[in-house]
Amino acid sequence: MEDESFAMNGGDGLNSYKKNSKFQRQGFDASKILLRDSIQENFTIQNNLNGNITTILRIADLGCSVGPNTFACVKTIIEAVKLKFETHQDFKTQLPEFQVFFNDQVSNDFNTLFKGFSVDRNYMVAGVPGSFHGRLFPKASMNVMHTSFSLHWLSRVPEQVTKEGSPAWNKGRVSYVSSSDEVVEAFSAQFVRDMEGFFAARSVELVGDGLLALLIPCRQESTLPSDSILAHIYECVGLSLADMAKEGLVSEDLLDSFNVPIYIPSPSEVKNLVLGMKSLFSIERLDELLFPTNLSTPNDIRACVSHIRATVEGVVCKHFGSELNTEELFERYFHKIEEFSKTPRFTNIENVANLFMLVKRNAVNSI
Ligand SMILES: C[S@@+](CC[C@H](N)C(=O)[O-])C[C@H]1O[C@@H](n2cnc3c(N)ncnc32)[C@H](O)[C@@H]1O
């Protein structure tokens, strides 16, 4: 089944992802040294060149959105690989050419992405539309692949949660945080299926010894799926929509059939998935970076609302259609986040745990 496409807000206006992705940028900045150092420690020049005389190194950023964060990620990766060449006795005069592939879903605003390319960049570029849950590149063609803040997006909302009569029907809610075990199970099973598809595709595309760097927003280790601050913040969109449904501003049927396709795993859920594929990948580096969610002032709350709006408005509008008054929805959302920030629940779970992981494709390619 083809993935559904849920893109972030395009363009560079007030509500765009481009103007509202500072949280992701802070998360990337905190993991940047890990990315740089782990690439330098694990990138092997000889294996990546594979005997080729022309040295083209291929890099991909998967789920790149419209920028600008993707450019910072790519710059860090190129600098790390370049330094590896420059400090190698046999290769310092043979610097490679870099080709960078920017991937996102077909509905991503690639025009805004392309306009953001710097003219004096030291790499060639290509846009690759399509889902990273499946194959995007030829066999054994990629050297370093990267993805940040994208893998928690599911390929689809699990079918049973929007089906009336199903034990996993998630009536009146848009996430799994306050729902039955069946709903939680449906979301987590979808996450596992999607991640398996993601890793299977990368295992074919990466060269032997190729590297895959992942930065994934997680909930803290040893907590329940319902203890994810991020999922609660998305559920507040549902609470706002539910109020609008009560006032007849939104159809209840539409609300009952709407869920945000997001699942926030624990670090060990991701780690165990990779360990289960140990014939294909080895984990070279794993770190959990804790981020407190700051909702202390109206400005913090406004920033949180703008950030979530830039990621979810497209999915909401696609489902509810042009009749939904989005200004009203996100104004109500501000107040729901404000209320949530005052609950003991918020204080107990206020940390997001960003998981950084560098995995290596085992050298024996089974292709
Ligand atoms: C929150 S943004 C992160 C963008 C960027 N990596 C950053 O760190 O700022 C998540 C991106 O993942 C993309 N995405 C989600 N599911 C995807 C899929 N199956 N295939 C490709 N891209 C996907 C979304 O379209 C979105 O642009």
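A molecule is said to sit in a pocket if more than half of its atoms lie within 2 Å of the pocket's grid points. By that criterion, the ligand in this predicted model sits in the largest pocket.

It helps to begin with the overall fold. The protein chain contains 11 helices and 7 strands. Its C-alpha atoms fill a box of roughly 70 × 40 × 35 Å along the principal axes. The radius of gyration is 21 Å, which agrees with the value near 21 Å that a compact globule of 367 residues would have.

Turning to the binding site, 21 residues surround the ligand, and the closest are Y17, G63, N69, D104 and S148. Sorted by class, this shell comprises 11 polar, 8 nonpolar and 2 charged residues. Polar contacts to the ligand involve both side chains and backbone. In the side chain of D104, an N or O atom lies 2.5 Å from an oxygen atom of the ligand. The side chain of Q105 likewise places an N or O atom 2.9 Å from a ligand oxygen. For F132 the backbone takes part instead, with an N or O atom 2.9 Å from a nitrogen atom of the ligand. As for burial, the ligand taken alone exposes 600 Å², and the protein buries 99% of that area.

Two details of backbone geometry round out the picture, and each is found in a loop. The peptide bond joining G67 and P68 is cis, with omega at about 0°. P68 belongs to the loop between β1 (56-62) and α3 (69-86). The other detail concerns F149, which has a positive phi of about 55° although this residue is not a glycine. F149 is located in the loop that runs between β4 (142-148) and α5 (181-205).

How values were computed:
Residues numbered from 1 in each chain as written. Predicted model: local features only at pLDDT ≥ 70, side-chain atom pairs only at ≥ 80, totals over all residues. Heavy atoms only, no water. Near = heavy atom within 4 Å. Polar contact = N/O pair within 3.5 Å; in protein donor to acceptor, adjacent residues only side chain to side chain. Areas by Shrake-Rupley, 256 points an atom, 1.4 Å probe, with all protein chains shown as cover. 1 Å grid on protein atoms, 1.4 Å probe; cavity = no way out; pocket = protein on both sides within 12 Å on 5 of 7 lines; lining within 4 Å. Nonpolar A, V, L, I, M, F, W, Y, C, P; charged D, E, K, R; others polar. Helix = DSSP H or I, 4+ residues; strand = E, 2+ residues; numbered from the N terminus. Rg over C-alpha atoms; globule rule 2.2 N^0.38 Å.
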